[in-house]
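Subject: Structure handover and findings

Dear colleague,

Please find the structure below, handed over for your use. My findings follow it.

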Amino acid sequence: MITTEVFDQCMAEKGWVIFEQAIHPAIVEQMREDIHKAYIVCRDYQIKNGIDQDTSFTVHHLLGQFDSFLDCLQAYPIYGFIERYFAGQFILNSFGGAINTRDSQSYAQRVHRDIRSYSGEMPLLLNTLVMLDDFTADNGATWMLSGSHKAEAKPDDEYFKAYAEQAIAPAGSILMFNSNVWHAGGSNLTDQVRRSVTPMFSKPFMKQQFDYPRAIGYDRGADFDAVLRQVIGYNSRVPATLDEWYQPPAKRMYHSNQG
Ligand SMILES: O=C(O)CCC(=O)C(=O)O
């Protein structure tokens, strides 16, 4: 694991950092298997709702679909760094993934940033990407434009191509980046798949992309340890009835320490 000094410097200057081989190989192996099962599930919805072109080879909201994704979050070894980035509490904002092949083309391969409102120095959103296969120059390792979190403007494709660097690392590594960084998935020029899952995190007051506590079940909150309960979002839910709203502090849906 890297030191906090290196972490602070990388995040301030480049806006991204890699934690090499951070996830246990057994969990990586199981996620490699489960991402294909999840693609079958997600693909049905993508086709049914007519959004299959731009979403091919991508999966969304893996938490609650197969246990390996929950195991990954449970064992996520970089929560200390994530807390440092946010300077306080944070929650899961989304948990998707991608299966890049020689033929795949998806929205993630265009130059983009994942936060629609540029947040400058305010740490609102944080991307992480777990490499399920080795990320290499040839199989489409993610392209990162270092320092691009410092300005709002989108670089043109030529500038991005000239200056972006690839995030190359072995399977099990985690790429973390400030969501203001412009980046793009690479083209896979090999015949092997390049798989990844992408847990993203936010300040707790930002709306999750998916209501994970409700999807998993409000009654299951007690099954998780305090850290996972916090990360999934059980401490920052939105009440929908007066009975849910009028509760003593310990039972409130949105706890007072969530910012
Ligand atoms: O798959 C990749 O390399 C890029 C992923 C990505 O763009 C994202 O998570 O926003």
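The model is a predicted one. Strand S4 (residues 125-131) and strand S7 (residues 174-178) are paired through five bridges, in the antiparallel sense. Within this pair, Asn127 has Phe177 in S7 as its bridge partner.

The main sheet

S4 and S7 belong to an open sheet of six strands, in which the pairing is antiparallel and the order is S1-S7-S4-S9-S3-S2. Its edge strands are strand S1 (16-19) and strand S2 (58-59), each of which pairs on one side only.

At the S1 edge, S1 and S7 run antiparallel and are joined by four bridges. Opposite Phe19 stands Ile174 in S7, and opposite Trp16 stands Phe177 in S7. Phe177 is thus named twice, as it is also the bridge partner of Asn127.

In a regular strand, side chains alternate between the two faces of the sheet. In S1, Trp16 and Ile18 point one way, Val17 and Phe19 point the other way, and all are buried. S7 has both of its faces covered: Ile174, Met176 and Asn178 lie on one side, Leu175 and Phe177 lie on the other, and all are buried. Because five of the five residues of S7 are buried, this strand is largely enclosed by the rest of the structure.

The second sheet

A further open sheet is formed by three strands in the order S6-S5-S8, again with antiparallel pairing. Strand S6 (165-166) and strand S8 (183-184) are the edge strands, and each pairs on one side only. Strand S5 (residues 143-144) pairs with S6 over two bridges in the antiparallel sense. There, Trp143 stands opposite Gln166 in S6.

The ligand

Which residues surround the ligand? They are Ala98, Ala108, Asp114, Asn127, Leu129, Thr142, His183, Gly185, Ser196 and Thr198. By class, this shell has three nonpolar, six polar and one charged residues. At least two residues of the shell are supplied by S4, and at least two by strand S9 (194-202). Asn127, one of the residues around the ligand, is the residue whose bridge partner in S7 is Phe177.

Helix packing

Two packed helices are described by the angle between their axes and by the distance between those axes. For helix H2 (residues 25-48) and helix H3 (residues 67-74), the angle is about 145° and the axes are 9 Å apart. The crossing of H2 and H3 is left-handed. Where they meet, H2 contributes Ile27, Gln30, Met31 and Asp34, while H3 contributes Ser68, Phe69, Asp71 and Cys72. The contact of H2 with H3 has, by class, four nonpolar, two polar and two charged residues.

Backbone at Phe57 and His61

You may wish to note the backbone angles of two residues. Phe57, in the loop between H2 and S2, has a phi near 65°, which is a positive value in a residue other than glycine. Phe57 has 21 other C-beta atoms within 10 Å and is therefore buried, the cut-off being 20 or more. His61 is placed in the loop between S2 and H3. Although His61 is not a glycine, its phi is positive, at about 55°. With 20 other C-beta atoms within 10 Å, His61 is buried.

Tyr85

Is Tyr85 buried, exposed or partly exposed? Tyr85 counts as partly exposed because 18 C-beta neighbours lie inside 10 Å, whereas a buried residue needs 20 or more and an exposed one has 12 or fewer. Tyr85 is located in helix H4 (residues 79-86). Leaving aside residues up to four places away in sequence, Tyr85 touches Met11, Pro123 and Leu126. Tyr85 and Gln192 are 107 residues apart along the chain, and their C-alpha atoms are separated by 34 Å.

Yours sincerely

Terms used:
Residues numbered from 1 in each chain as written. Predicted model: local features only at pLDDT ≥ 70, side-chain atom pairs only at ≥ 80, totals over all residues. Pairing = 2+ DSSP bridges. Axes fitted to C-alpha atoms, helices over the stretch in contact; angles between N-to-C directions. Left-handed = near helix turned anticlockwise from the far one by under 90°. Contact = placed C-beta atoms within 7 Å. Nonpolar A, V, L, I, M, F, W, Y, C, P; charged D, E, K, R; others polar. Near = placed C-beta within 6 Å.
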